[in-house]
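Reader: Please take a close look at one part of this complex: the protein surface around the DNA. I want contacts, elements and residue classes.

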There are 2 protein chains.
Amino acid sequence: MKNITIKDIARICKVGVSTVSRAINNDSGISEETRERILETAKKYHYVPNTSARNLGATETNTVAVLVYSVTNIFFSAMYGMFQTQLEDRGYDYLLHSVKDTQDIVAEGIRLVKEKRLKGIIFLGGWIDPDKMRLDDIPVPYVFCTVYQDIDLPKSDSPSVGIDDVKEGRRIVEYLIKKGHERIAIIAGVEGDRATGAGRLKGYKQALEAAGLPIDERLICHMKKNLEEFTAANGYAVCKELIEKGIDFTALFCVSDLTAIGAYRAIYDSDRRIPEDISVAGFDGIELGEYIEPPITTIRQPRDKMVVETVRILSEKIEGVDKNEQLVLKGKLLERASIADITK
Amino acid sequence: MKNITIKDIARICKVGVSTVSRAINNDSGISEETRERILETAKKYHYVPNTSARNLGATETNTVAVLVYSVTNIFFSAMYGMFQTQLEDRGYDYLLHSVKDTQDIVAEGIRLVKEKRLKGIIFLGGWIDPDKMRLDDIPVPYVFCTVYQDIDLPKSDSPSVGIDDVKEGRRIVEYLIKKGHERIAIIAGVEGDRATGAGRLKGYKQALEAAGLPIDERLICHMKKNLEEFTAANGYAVCKELIEKGIDFTALFCVSDLTAIGAYRAIYDSDRRIPEDISVAGFDGIELGEYIEPPITTIRQPRDKMVVETVRILSEKIEGVDKNEQLVLKGKLLERASIADITK
DNA sequence: AAATTTTTCGGAAACGTTTCCGACGAACAC
DNA sequence: GTGTTCGTCGGAAACGTTTCCGAAAAATTT
């Protein structure tokens, strides 16, 4: 069964192919009358334009790619749907692609641009290292979303949307301190990782220092490399080890809610209660955090707003706006039952 | 900065374009020597084949699309990564697309085939209604994965991979009965929905009937239409309503683990304990189920195996195997602490 | 050494669109 | 009535590949 092409429609309507093309793309230079006639027969014959031919013929496509660092991460996966809606609303074609290594994410983006003639890229997750990534070689507009930029690294002026991980991390630890906690453990990201978790760890240290509390290296834990990052399984394994070490602490800050859920389990397994024996703070504000027992105190990232703003900025860059907006959104501290007030 | 094409490489190497094409695609009819020479300069000049041109020139592509009914569903999103790995391993290009309405999923597939010249389709989630879906019009091999086929609807002979939702649903309810429960509530899918949840509800009824227990319609709840399906929020709302009605029950079967987590919250909020006051059973076997308090008794769907088998079957169909395999995998009952034994 | 087969390669058509350019007629200005 | 502009349209080139076909070169057989 041969596919019906633009030529077939042209032949049937007794017009030129360019006229059909104009009709379909709502181009100008065509009378309303013939346009309708063409559109009608196109519909009648179930004509569907071939994307490949379109991309090839046109000097540019209408496709935006979302490159995500880790597909399975629940925090990001909830954002896919939002991105899809937003991009479709603005008339873009949509492409979801995932990369294993955050170091390769830019290189992969450049490859995809050549391969698919992208109009823009959204990078989701991971971190920026301007020295190692060929940012200047990205030939199309792009925006980083929820991508951490370490303050120790050279600052990139790429457009981005996210929160201030250091500040928000510091905020929730200060909240713990305010509630009377002095020995606060942390489950941070994988060691050496420069993603958002690193920023939150930095905030943790800042909070302790500002309060004049000592930084006890034994209370600083990192997620395990051999397990998937930011999962409950990882949080469980790390927290279990921490408890078994027998080091005393009254509060635990997990740099992601999912990790915290794993930590909960380890705490329960050791016959401790939350928050009476150990207070727990999370980060991210995933929906689930409200339902677990006890509901977790955490920093909510405004994911919906992040998505909307990311797409807006990308769209503007595509339209030619010459501004590298770096949008830092505010997180929201959700005070729930997982933290005890132990000030006497 | 002009893109470098196959012609450029040909000119540089002083060969014909077809020779370059052969080198790049590992085609036969070329000497090992020239192939290496071409591959080298291609690499040197960062040559990347243009997918659109490729798809257009070739009579067929190498692209497989995964059409998913609901992107944000955590159960499916965990499968994306697996699909990607599997498909890449077999040398396929990969395309993830989501559809809002399961009724449209086949129509959308047909459209995509024309548009992108797909080689195959994987349908993920939702349900099959052979009368309403133009299954015979799908011009390429396809496989349904985790797609429910209601036994009341005409049977499709399309290739598929999944579990027997009726049987597994029945199994876990029988387990509850064995533990002494007689008044068992259920939170099933949205009313009228014919997806997997409907099968599990059917299993629930079968189990009760087989045990000679009455079916109390008041104990049969459906997820709310205005909330996203299979989420904790939905489970919470429904379970809260159920409890407020004041109807007596000792056990609750939620057709998804996430829903169960929401139900947990509603139960805790009403000052009841799990499982001492109410036992809860889930379904799916997501990782999280092991970490929540108490760990949930559930039926684990072998997601990894499902993915592997789905890709295998699709791949075989593409290779020309003329068999419509309908693979029904076994679930695994995970006995955990959320169910109390109340046999005296 | 000639004839045949096999290997290696180049040219060109084809894929289905977009876009540029030119043509034609009608409407308008002078 | 002639020249100019404008709206409408068709033809054809271009996009970057794959693939078919035939030719040249090399290897093999006779």
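Author: Here is the surface at each DNA strand in turn. This is a predicted model, in which local features need pLDDT of at least 70, side-chain atom pairs count only at pLDDT 80 or more, and totals for chains, interfaces and linings use all residues. Residues are numbered from 1 along each chain as written, chains are lettered from A and ligands numbered from 1 in written order, and side-chain values use heavy atoms, without hydrogens and water.

Start with DNA strand C. It is surrounded by 28 residues (near means a heavy atom within 4 Å). The closest are I6(A), S21(A), Y47(A), G16(B) and T19(B). Sugar and phosphate make up 66% of the strand C atoms within 4 Å of the protein.

Now the polar contacts (N or O pairs within 3.5 Å; within protein, one atom must be able to donate a hydrogen and the other to accept it, and sequence neighbours count only if both atoms are side-chain atoms). I6(A) places a backbone N or O atom 2.6 Å from a phosphate oxygen of strand C. G16(B) also has a backbone N or O atom 2.6 Å from a phosphate oxygen of this strand. T19(B) uses a polar side-chain atom, at 2.3 Å from a phosphate oxygen.

Turn to DNA strand D. Of its 28 surrounding residues, G16(A), T19(A), S31(A), I6(B) and S21(B) come nearest. Sugar or phosphate holds 67% of the strand D atoms within 4 Å of the protein; bases hold the rest. A polar backbone atom of G16(A) is 2.7 Å from a phosphate oxygen. For T19(A), a polar side-chain atom lies 2.3 Å from a phosphate oxygen.
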